[in-house]
Amino acid sequence: MRNISAQAITDAVARLCIEANTRLPQDVQAALDKARQEEPWPLAKNTLDLLWSNLSAAREKDLPICQDTGMACVFVELGTDVHIDGSFEAAIHEGVRRGYTDGYLRKSIVADPLRRGNTGDNTPAAITVHLVDGDGCTITVAPKGFGSENMSRIQMLKPADGVEGFRKFVLETVQLAGSNPCPPIVLGIGVGGSFDKVAYLAKKALLRPLDVPNPDPYYAGLERELLTAINELGIGPQGFGGQTTCLGLAIEQMPTHVAGLPVAVNVSCHVTRRASAQL
């Protein structure tokens, strides 16, 4: 049994909140750079160049990449041989509180969905814990802005809809979103499970690097097909047209009921942020 202090968790989460909001992951940077090098439409290329300049300025001046520093989505892979010395969830919330305060990050969380009222420190975090074998603890902070989150959709398709219904729903989601999620976008797509699990799969898919395909060749092929089809829609950067509507997408799947075909699409903008640490 390995002990990890609550303070170590708080320190890690605070650091990751700042890192994730000021540094875009290397795979997303590479996809954005590739897109701006290959984009033939002048207005679209100019827009991508501006996004690249903004990214460079954020890195050089330790400023947020985007003014919407998001809801702090915290994913934890916790070993079954780990004992947390203190309150685990309280430690994460305190890390978010400290990170968003010390990093001068915008606080966007309201205490109640209907009565509103800003909590003032971007807590509570949205925490997802996955138990794994061993004595490790990996924490990933993925701040999620809501300009793109609001364009996400879930649909309980019928099994008869099949893969064509699946493709149609994904493309329809992107078309309905249009310029609202500040394209170029990144998509996390979930298929299978239940109503609640498929939404989790879509969110989890955004954690996978853009240069890592689904390990199942069938779904890896679907990822390639959908990316091509989405970029042929011509929405383009910020909705100005061009061939770069989506930088990348990932599909996560799981078994489902014989009578169901749940699908969820979690839309993200080019500021698809995540930062991880192992304790």
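These questions and answers walk through a predicted model.

Q: In what order do the four strands of the open sheet stand?
A: The sheet is open, and its pairing is mixed. Its edge strands are E6 (153–157) and E8 (246–256), each pairing on one side only. From one edge to the other, the order is E6-E9-E7-E8.

Q: By how many degrees are neighbouring strands of this sheet turned against each other on average?
A: The sheet holds four strands, in the order E6-E9-E7-E8. The average ignores direction. Neighbouring strands are turned by 15°.

Q: Which residue in E9 stands opposite Gln155?
A: Strand E6 covers residues 153–157. E6 pairs with strand E9 (residues 261–268) in the antiparallel sense, over five bridges. Opposite Gln155 stands Val263.

Q: Which residue in E9 stands opposite Gly188?
A: Strand E7 spans 185–193. E7 and E9 run antiparallel, joined by six bridges. Opposite Gly188 stands Asn266.

Q: How many of the eight residues of E9 are buried?
A: Side chains in a regular strand alternate between the two faces of the sheet. On one side of E9 lie Leu261, Val263, Val265 and Val267, and on the other Pro262, Ala264, Asn266 and Ser268. Both faces are covered. E9 is largely enclosed by the rest of the structure, because the number of its residues that are buried is eight of the eight.

Q: Which helix lies across E6, E7, E8 and E9?
A: The helix covers residues 162–177. It runs at about 155° to E6. This is helix H6.

Q: How far apart are the closest N and O atoms of Arg36 and Asp33?
A: Both residues lie in helix H2 (residues 26–38), three residues apart, about one turn of the helix. Arg36 is buried, with a relative accessible area of 16%. Asp33 counts as partly exposed at 25%. Their salt bridge brings the closest N and O atoms to 2.8 Å.

Q: Which residue is linked with Asp33 and Arg36 in a network of salt bridges?
A: Asp33 and Arg36 form a salt bridge with each other. The network links these two with another residue. That residue is Asp49.

Q: Which residue meets Glu38 in a salt bridge?
A: Glu38 is partly exposed, with a relative accessible area of 44%. Its partner also lies in helix H2, four residues apart, about one turn of the helix. The side chains meet at 3.1 Å, N to O, and the partner is Lys34.

Q: How many residues apart are Glu225 and Arg167?
A: The side chains of Glu225 and Arg167 meet in a salt bridge (2.9 Å, N to O). Glu225 counts as partly exposed at 42% relative accessibility. The pair links distant parts of the chain, with Glu225 in helix H8 (residues 217–231) and Arg167 in helix H6. They are 58 residues apart.

Q: How many salt bridges does a search of the whole structure find?
A: One of them joins Arg36 and Asp33. Glu225 and Arg167 form another. The search finds 17.

Q: Is Arg274 buried or exposed?
A: Arg274 lies in the loop between E9 and strand E10 (275–278). Beyond four places in sequence, its contacts include Pro25, Val28, Thr140 and Leu210. Its relative accessible area is 12%, and buried means under 20%, so Arg274 is buried.

Q: Which residue's side chain makes a polar contact with the side chain of Arg274?
A: The side chain of Arg274 reaches the backbone oxygen of Leu206 at 3.2 Å. The side-chain partner lies at 2.8 Å. That partner is Asp27.

Q: Which residues form the aromatic pair?
A: A search of the whole structure finds one aromatic pair. The pair is edge-to-face, with 5.1 Å centre to centre and 90° between the planes. One ring belongs to a residue that counts as partly exposed at 49%, the other to a residue that counts as buried at 18%. The residues are Tyr218 and Tyr219.

Q: How far apart in space are Lys204 and Glu39?
A: Lys204 is found in helix H7 (residues 195–205). Lys204 is partly exposed, with a relative accessible area of 33%. In sequence, Lys204 and Glu39 are 165 residues apart. In space, C-alpha to C-alpha, the distance is 29 Å.

Terms used: Residues numbered from 1 in each chain as written. Predicted model: local features only at pLDDT ≥ 70, side-chain atom pairs only at ≥ 80, totals over all residues. Heavy atoms only, no water. Pairing = 2+ DSSP bridges. Helix = DSSP H or I, 4+ residues; strand = E, 2+ residues; numbered from the N terminus. Axes fitted to C-alpha atoms, helices over the stretch in contact; angles between N-to-C directions. Contact = heavy atoms within 4.5 Å. Salt bridge = Lys/Arg side-chain N within 4 Å of Asp/Glu carboxyl O. Buried < 20%, exposed > 50% of the residue type's maximum accessible area, 1.4 Å probe, protein only. Polar contact = N/O pair within 3.5 Å; in protein donor to acceptor, adjacent residues only side chain to side chain. Phe/Tyr/Trp six-rings, centres within 6.5 Å; stacked < 30°, edge-to-face > 60°.
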